[in-house]
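Please take a moment to look over the sequence and the model before reading on. The paragraphs below lead from single residue pairs to a whole chain and then to the place where two chains touch.

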Amino acid sequence: MSTAVRGKLPWPLKMSYDKQDTLLKLFVLSIAAVLSFSTRLFSVLRFESVIHEFDPYFNYRTTRFLTEEGFYSFHNWFDDRAWYPLGRIIGGTIYPGLMVTSATLYHVLHFFNITIDIRNVCVFLAPLFSSLTTLVTYHLTKELKDVSSGLVAAAMIAAVPGYISRSVAGSYDNEGIAIFCMLLTYLLWIKAVKTGSLFWGAMCALAYFYMVSSWGGYVFLINLIPLHVLALMATGRFSHRIYVAYSAVYSLGTLLSMQISFVGFQPVQSSEHMAALGVFGLCQIHSFIDYLRAKLSKEYFEILFRTMALFVGTAVTGVGAVLMASGKIAPWTGRFYSLLDPSYAKNNIPIIASVSEHQPTTWSSFYFDLQMLVFMFPVGLYYCFCRLTDANIFIVIYGITSIYFAGVMVRLMLVLAPVMCILSGIGVSGILSTYMKNLDISKVQKKTKKTENYPIKNEVASVVIMMMSLFLITYTFHCTWVTSEAYSSPSIVLSARGGDGSRIIFDDFREAYYWLRHNTPEDAKVMSWWDYGYQITAMANRTILVDNNTWNNTHISRVGQAMASSEEHAYEIMRELDVNYVLVIFGGLTGYSSDDINKFLWMVRIGGSTEKGEHIKEHDYYTPAGEFRVDREGSPTLLNCLMYKMCYYRFGSVYTEGGKPTGYDRVRNAEIGNKDFELDVLEEAYTTEHWLVRIYKVKDLENRGI
Amino acid sequence: MADCRKIFSTFACLSVVFFLLVVDSPALGVKKKEEDDEEFEWVTNEQRNFPYPSQNALGDKVQQLMEWSSKRPVIRMNGDKFRQYVRAAPRNYSVILMLTALQPQRQCTVCRQANDEFQIVANSWRYSPSFSNKLFFASVDYDEGADVFSTLKLNSAPSFMHFPGKGKPKKGDTFDIQRTGFAAESIAKWINERTDVHIRVFRPPNYSGSIALGLLFTLIGGLLYLRRNNLEFLYNKTSWGIGALCIVFAMTSGQMWNHIRGPPYAHKNPQTGQVHYIHGSSQAQFIAETHIVILLHAAVTFGMVLLHETAVSKGDVGKRRIVTLVGLGIVAFFFSLLLSIFKSKYHGYPYSFLIK
C-alpha cells in the first residue's frame, strides 16, 4: 500500500501493520480485563459494597487486623474474641497470602494518598485479580499455541461462570487470588521449560511461593508439575532445559513454601508432596545416566547400567519390604484406594459425604458453569494432540487431571475452568482462523482466485464464521445470565420481590450486628449458633463462643445443649459459659427459610452427641408420629426449649398473613403452638425490623431473697 | 465387592459345615433350652392339659428359623411369615427385623447400604462362637410385605426393629437411624442394649481393590510382554488422544456422579407407564441421560473437528464442500438439542436455539 493511499485512511490504519496488530491486541485484552472486572459487580450494584457470606468475614477481619497492627503482631495473633473461653491461634493456622495482598495494596494506595477504605480493597480484590487472570491466561495460551488463541482464551476466562462463582465482588476468599497465582505459576513454568533458564525457574518458584501462601490447593500444582516432567521423560523429551527448570523450581519452591508457618514441614513429610520429591530424584538419576552414556563406550555402559539397575532394584525392594514389615510405611491403606476409586471416600469417610461442597458433579452443572466450553474443550484437546510439544503436553495433563477432579468434587470446577478456557480458546481460534482465510474480503482478489477453489467457498466460510459468532454470543449471554441469577447474592443482605414486583431489601443482619456493637459492653459474650460466629466477631466486634472454624466439637455441642434445653437448664449452661447476650435468627415473619428453627435439629443432634448432653434425645423433639412440628401438636419438649421461646417470644400476638390467625409462621406454614409465655431468665434486648435477628440479654442472678 | 462377598460366604459355609460336624446337632440343644423356658412362661391350666401341641409349635418354629438362618443369616419374610414367626405369641427368641425396600425401582440407595451393614451384623452373629437360637435376623421388603409396614405403622424405609422374646416392642426397640447412623457397629451396640447378646462385628476384609489392581498390572505387564519387540504403540499419539477424549466425555457427562450416587437407568412413571430418560431437576440425572449427553457432546465435537479437517485437507473440492456442510449441520443440530435438554432441566433458563 503506497503512502498516498494511506494518507486518506482514518488514523488507526495509518500505522504500519505491526502497530495495528499490537493496538488491536491491546484493545481486545483491555476490553477482556475490564469485562472480567465489571461482570463481577452485579452484587455491588444491586446492594452495595459488602463482604459476602461467612468465611470472607473472617478474612476481612484478619486483614483489618493486619493493616492496623502490622505483620508481626498478625503473625503472633492469639484471638481471644472467638471460642470463648478457649481462644484461637490465628497467625499460624491460616494461609496469609490473601490478607498480605490486600494489606500491601492498601498501603501502596495510601502511600500515593489514595484514601480507600480497607473494606473496599477487600470487596474489589477478587474482581481485580480476575482481570489480572485474563492477562495471565493470554500469555499462557500464547506460549502454548499462538496469539489469536490467547486472545480468545482471555476473552473466555473473563466471563466463565465456573470461575466467577468464587470471585464476585465481595466474595473475599482465598480462591479469588489463588487462580491467578496458579496460572502465573504455570505460565512461568512453561517459560522455564521452553527456555531452560534458571531465571524463569526461579521466577516460577516465587510464583509458587505466592500460590502456597494463599491457598491449600497448591497441592494440585506441586503434583501436576512433576507429572509433566515424568510424562516428558516417558516420551523421551527430557533434556537439560527441563532438568534446570525442574531442579530450580523444586528446590527453591520447597524451601520457600516451608516458610509459611501453616505449611511448615509438610513438603518434606506428608505423602502428598512425595511425588515431587521422587521426580526430583528421578531427574538427577536420568541426567546422571545421560552423562555416563556420553562418557562411556556402548558396551561398558550396558554392563554398568545392568549391574546398577539390578543393585538398585534389589536394594529398594529390600528396604521397602523391611519398612513394610516393620509397619513404618503402609502403602495399601485407604488413602491409596480413595485416589483410585472416589466412591471409597464416600463409603468410608462420612464427613466427606455430608459436606455439600464435596458432592460429585452432574452433567448439567458442567454445562451450567462452562456452557460451550464443554464441547470446545475436546476440540482444543484434539488440536493439541495433532501437534504435541513440551508445553502442549503440560496443558493436556492439566486438562485431564482437573476434569477428573472436577467430576469427583463440584467445587474443583474452579480449577477446571481456566484450562477449559485455554483449550477452548485454542479450538475456537483454530476454526476461526482456518475459515477466515477462506473469507474473501476484497472484491479484486475474488475474481483472480475463484478458478482454483470450490464454487461457494466464500459462502460456506461465512456460514461457519457466523455460526461460531453465534456460539460466542450465546456463551456471553449464558455467562451473564448465570452470574446475575446464581452467583451474585451476598447472603448478608437479602432481597425479595414484593407484591407489586418491586424489590424489598432485608438488611436485618447488619442492623443487629451494629446494634450489638454500639449498645453492649465491649467485653460482652454473645452466644449464637456457629454459622454466625465470623460475622459477629467481624461486624459487632464482640466475643463469641463458637464460629465457622468448627474445630472443637464439644464446645459447639455445649451451645447446642443450651439452645435445646429448657430455660432453667439453659440458664445453668449460660452462666457456666459467661454468656451475656444470645442471638437467634428467625425467619417466621418474612419467610426466610434457613433460620435457626430449621437448623434446630442439628443443634439437638450435635448437642446430644457428647457426654454432657446425654439427656438431650432427638426423638423428644418429634411428635409421636415422628414429625418435627412447631404448632399445637408439636412435642412439649420442643415447645418449651430455649430456642423455641427465643424465636417465638411475643410472636403469638403478631399478624403475619392475611386470613391467618396470629402467630402464623410463614416458613413452617403453621400457627405456633405455644403463644402466650414469658421469659424468666432472659429479657428481649433487640429485635430487628423484619424480626430476622432477635437478641436477648441474659439476666443476672437474682438478689438473695429475704 | 460382589465377588469377594461370594468368596467370603463360601468360606463361611465351609466353616459352618465343619462346625456342624464337630459340635453335635444344634437342634438337640435348642429343645432343651426351650423346655426350661416353656415351664417358666407358658404353664397355664389349659396348656397343662395339652402341653404337647404348644411346645411343638414353638419347637417347630425355632427349628424352622434355625434351618432358614443356617441357609441365610438374614431370613427374608413376607406378611404371613412375619405374623407367624415374629408377631405370634409362643416365642422365646428375639428377632431383629429390618424393614426395607431393595427393589431397584424403589431407588432407595440408603436401603442398599443399610442392607449391607445389616448383613455384616447378621453374618458376624451367625458365625460367632456364641451363636444360639435366642436371636434371629430377618428382613421384610416393602414389595413383598407391604402389609407388615402398615401393621407396624411405618412409612419410611429402612428401619430396624427389635421384637423381644416376651411382650411387644417398646419405645427403644426401634433403632434410631437418624441419630446413630446404620453402621454395623452401632447396630450391634443397639442389639447388645436390647437383648444382652454381644456381637463382635467382623467385617469381611475387602480384597477387591487389591485384586483389581493386581489384575490391571498383570494385564498391562502381559500386554507389554506380548508386544515387547515393538513398543512403538506406546508412543502412538492417536490412541493416547482417543483415551484422553474418552476421559473428558465421561467426566463432562457426569459418569462420576453416576458411579458415586448410583441412579437408576431411567424412570418409569407408575401411573402412565411412560419412561422418562431425562431427570426433571438439575440436581440429579439418570444413567440413560448421561449416555444421551455423551453422544451429544461427542457429536458436536466431531462436527467441529470435521469442519477443521476438511478446511485443511487437500481432497476433492466437491466432497470437501459437502463434508463441511454436514459438519455445520451436525454442530448446529446437536448443539440446539443439548440446549433444549438443558432448558428442560433448568426451569427458567431463558435461551434456546433452533429447537424449543
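Which side chains meet A:D595 or A:R668 in a salt bridge? The side chains of A:D595 and A:R668 meet each other, with a distance of 3.0 Å from N to O; like everything that follows, this value was computed from a predicted model. The two residues belong to distant parts of the chain, since A:D595 is in the loop between β7 (581-585) and α31 (596-607) of chain A, while A:R668 is in the loop between β8 and β9 (670-671) of chain A, 73 residues apart. With a relative accessibility of 0%, A:D595 counts as buried, and A:R668, at 17%, counts as buried too, because the limit for that word is under 20%.

Over all chains, the count comes to 33 salt bridges, and another of them joins the side chains of A:K191 and A:E143 at 3.3 Å, N to O. A:K191 lies in helix α11 (residues 174-195) of chain A and A:E143 in helix α8 (residues 118-144) of chain A, so this pair ties together parts that are 48 residues apart in sequence. Here the partners fall into separate classes of accessibility, for A:K191 is partly exposed at 24%, whereas A:E143 is buried at 15%. Chain B offers an example between strands, where the side chains of B:R76 and B:D141 form a salt bridge of 3.9 Å, N to O. Because B:R76 lies in strand β1 (residues 74-77) of chain B and B:D141 in strand β3 (residues 135-141) of chain B, the pair ties together parts that are 65 residues apart in sequence. B:R76 is partly exposed, with a relative accessible area of 32%, but B:D141 is buried, with 3%. Salt bridges may also join up into a network, as they do for A:E48, A:D507 and A:R510.

It helps now to step back and consider chain A as a whole. Its secondary structure comes to 33 helices and 11 strands, and its C-alpha trace spans about 105 × 75 × 55 Å along its principal axes. Of the 706 residues in chain A, 52% are buried. Among the contacts in chain A with a separation of 6 or more, 70% are between residues 24 or more positions apart.

Two loop residues show what such surroundings look like in detail. A:F651 is found in the loop between α33 (642-648) and β8 (664-665) of chain A, and at 0% relative accessibility it counts as buried. Leaving out residues up to four places away in sequence, A:F651 touches A:F586, A:G588, A:L589, A:T656, A:G663, A:Y664, A:D665, A:I672 and A:W691. A:N548, in turn, has its place in the loop between β6 (543-544) and α29 (553-564) of chain A, and it is buried at 14% relative accessibility. The side chain of A:N548 reaches the backbone oxygen of A:D531 at 3.2 Å, and a polar atom of that side chain lies 3.2 Å from the backbone nitrogen of A:Y534.

Aromatic rings offer another way to follow the structure, and a search of the whole of it finds 53 aromatic pairs over all chains. One of them is formed by B:F82 and B:F163, an edge-to-face pair with 5.8 Å from centre to centre and 75° between the planes. B:F82 lies in helix α5 (residues 79-87) of chain B and B:F163 in strand β4 (residues 159-163) of chain B, so the pair ties together parts that are 81 residues apart in sequence. B:F82 is buried at 1%, and B:F163 is buried at 1% as well. Aromatic residues of both chains also come together in one cluster, which includes A:W363, A:Y367, B:F342 and B:Y346.

That cluster leads to the place where the chains touch. There, 63 residues of chain B are in contact with 60 residues of chain A, and the area buried between them is about 5500 Å², of which carbon and sulfur atoms give 75%. Between the two chains the count is 0 salt bridges, although 10 residue pairs are in polar contact. Among the elements that give two or more residues to the side of chain B that touches chain A are α10 (208-226), α13 (287-312) and α14 (317-345) of chain B, and α14(B) gives the most, with 14 residues. By class, this side of chain B has 35 nonpolar, 18 polar and 10 charged residues.

How values were computed. Residues numbered from 1 in each chain as written. Chains lettered and ligands numbered in written order. Predicted model: local features only at pLDDT ≥ 70, side-chain atom pairs only at ≥ 80, totals over all residues. Heavy atoms only, no water. Contact = heavy atoms within 4.5 Å. Buried area = accessible area lost by both parts, 1.4 Å probe. Salt bridge = Lys/Arg side-chain N within 4 Å of Asp/Glu carboxyl O. Polar contact = N/O pair within 3.5 Å; in protein donor to acceptor, adjacent residues only side chain to side chain. Helix = DSSP H or I, 4+ residues; strand = E, 2+ residues; numbered from the N terminus. Nonpolar A, V, L, I, M, F, W, Y, C, P; charged D, E, K, R; others polar. Phe/Tyr/Trp six-rings, centres within 6.5 Å; stacked < 30°, edge-to-face > 60°. Buried < 20%, exposed > 50% of the residue type's maximum accessible area, 1.4 Å probe, protein only.
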